[in-house]
Amino acid sequence: MRKIFVVLTLFTAFVLALAACGGAAPAPSGETVTVKETVVVTVEVPVAGSPAAPAVVAPAGYGVTLETVKARGNLICGVNSQVPGFGYVDADGNFAGIDVDYCRALAAAIFGDASKVEFRPVTAAERFTALQSGEIDILSRNTTWSLVRDTELGGNFVHTTFYDGQGMMVPADSGLTTLEDLEGGTICVQTGTTTELNLSDVMASLGVSYTPAVFEDADATFAAYAEGRCDAVTTDKSGLVSRRSVLPDPSAHVIMDVTMSKEPLGPMVRHGDDQWFDIAQWTVFAMFAGEEFDITSANVDDVKANATAPEVRRLLGLEGDLGLKLGLTNDFAYNIIKLVGNYEEVYNRNLGPDTPTYIPRGLNSLYTEGGLLYAPPFR
Ligand SMILES: N[C@@H](CCC(=O)N[C@@H](CS)C(=O)NCC(=O)O)C(=O)O
């Protein structure tokens with residue numbers, strides 16, 4: 001009986017995933033249509049436990065994910081491959097970006113080795129199914145925390161790693177400066193995103209009519225924009241900064257001074273495995289705490305040798321057994337900071353002033369600097 005319930009739940013989740021992420025038509029009307037269409041999409045619904053069942057379609061049980069990851073010998077992280085600064089493949093063929101470094105930090109926490117991670121690129125439309133099906137252990141890919149994703153999509157968002165908002169980019173010589181200026185225009189947007197839904201909401205509330213030009217991934221969306229097939233392109237502001245940096249002439253494009261939504265971006269895990277959720281969560285907090293206590297990859301050994309402050313001693317595993325409580329070793333936070341860096345180091349490496357994807361810290365500063373980043377106590 002329970003098995004049947006699980007299957008039905010997941011079926012619903014799959015349907016709602018497609019609905020929530022937008023079908024061909026803009027929300028809200030598109031959502032209903034998509035649901036009807038996708039009910040007949042046959043995900044081979046297994047009787048859980050039957051030989052034909054895919055590896056994991058049910059929510060992971062407590063402790064299962066860490067055990068699976070350890071037995072496999074590496075972490076499988078779902079990432080972006082098209083957004084420089086967040087998740088992409090660099091000139092040397094390596095995955096790079098703030099979301100990618102978070103995966104490395106998680107691997108460092110688990111294995112004491114930041115390289116024990118396999119990056120699995122997933123598009124916006126693929127990402128939730130990849131997580132639900134167990135193809136990836138965690139999703140770390142500019143994904144916005146929302147109620148539907150947190151419930152029907154079977155996910156748990158750990159703490160936000162990048163606070164963002166949706167923006168609009170136009171050619172600098174277009175003279176367009178406000179959303180109202182886009183009346184009657186065509187706007188390039190990617191499907192499977194909150195972007196598509198927000199665009200519809202915001203333009204409807206402003207009474208601006210427009211034609212959405214909808215694409216499957218960022219490359220296609222921005223190629224269409226670069227070719228002049230739309231008057232503007234919209235996504236998270238971070239995505240605009242990122243993708244502008246790889247346009248033929250970045251200075252020929254401006255991001256309007258408007259924020260269309262809240263986009264708290266962060267890692268997502270499957271429902272059902274609270275231990276894994278805690279590990280993912282405290283990996284983020286260890287990076288924040290490293291910055292708060294001025295512990296960097298360069299000085300962590302010195303700090304460890306001389307630390308007297310009780311919380312720093314607990315954080316680095318010199319006292320107490322905080323790591324063991326997570327199912328890890330007590331030096332998990334030391335390993336994160338030593339092998340990957342604290343939040344500031346990771347931010348600056350990917351989005352700092354010396355990168356082509358520079359984004360001022362703003363809300364993504366520590367609470368002590370007027371931002372929203374705040375780690376609970378390590379005790
Ligand atoms: N944060 C939004 C949008 C995230 C998103 O997918 N943005 C696009 C545009 S920058 C992207 O990353 N595309 C890359 C791809 O799908 O390969 C969401 O979670 O829905």
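Which helices and strands each supply at least two residues of the shell around the ligand? In this predicted model, that part is played by E2, helix H7 (194–206), E12 and strand E14 (263–265), where helices (H or I, at least four residues) and strands (E, at least two) are DSSP runs numbered from the N terminus. Residues are numbered from 1 along each chain as its sequence is written. Because the model is predicted, local features need pLDDT of at least 70 and side-chain atom pairs count only at pLDDT 80 or more, whereas totals for chains, interfaces and linings use all residues.

The ligand is surrounded by 19 residues, the closest being Thr123, Ala124, Thr193, Ala218 and Gly239; a residue is near a molecule if its C-beta atom, placed from the backbone, lies within 6 Å of it. By class, this shell comprises four nonpolar, twelve polar and three charged residues, with Ala, Val, Leu, Ile, Met, Phe, Trp, Tyr, Cys and Pro counted as nonpolar, Asp, Glu, Lys and Arg as charged, and the others, Gly among them, as polar.

Strand E2, a contributor to the shell, belongs to an open sheet of three strands in the order E2-E3-E4, with antiparallel pairing; two strands pair if DSSP finds at least two bridges between them. Strands E2 (82–83) and E4 (95–96) form the edges, each pairing on one side only. E2 and strand E3 (residues 87–89) run antiparallel and are joined by two bridges, and Val83 stands opposite Gly87 in E3.

Strand E12, also a contributor to the shell, lies in an open sheet of five strands with mixed pairing and the order E11-E10-E12-E9-E13. Its edge strands are E11 (211–215) and E13 (253–255), each of which pairs on one side only, and neighbouring strands are turned by 30 degrees against each other on average, direction ignored. Strand E9 (residues 166–171) runs antiparallel to E13 and is joined to E13 by three bridges, with Met169 having Ile255 as its bridge partner in E13. Helix H8 (residues 218–226) packs on this sheet, touching strand E10 (186–190), E11 and strand E12 (232–236), and the direction of H8 makes about 165 degrees with that of E10; angles run from 0 to 180 degrees between N-to-C directions, and axes are lines fitted to C-alpha atoms, for helices over the stretch in contact.

A further packing arrangement involves two helices, H10 (residues 274–292) and H15 (residues 343–351), whose axes come within 6 Å and cross at roughly 95 degrees. H10 is therefore roughly perpendicular to H15, a term that covers angles of 65 to 115 degrees. Met287, Phe288, Gly290 and Glu291 of H10 make the contact with Tyr343, Glu344 and Val346 of H15, two residues being in contact if their C-beta atoms, placed from the backbone, lie within 7 Å.

Key. Parallel < 35°, antiparallel > 145°, perpendicular 65-115°, else oblique.
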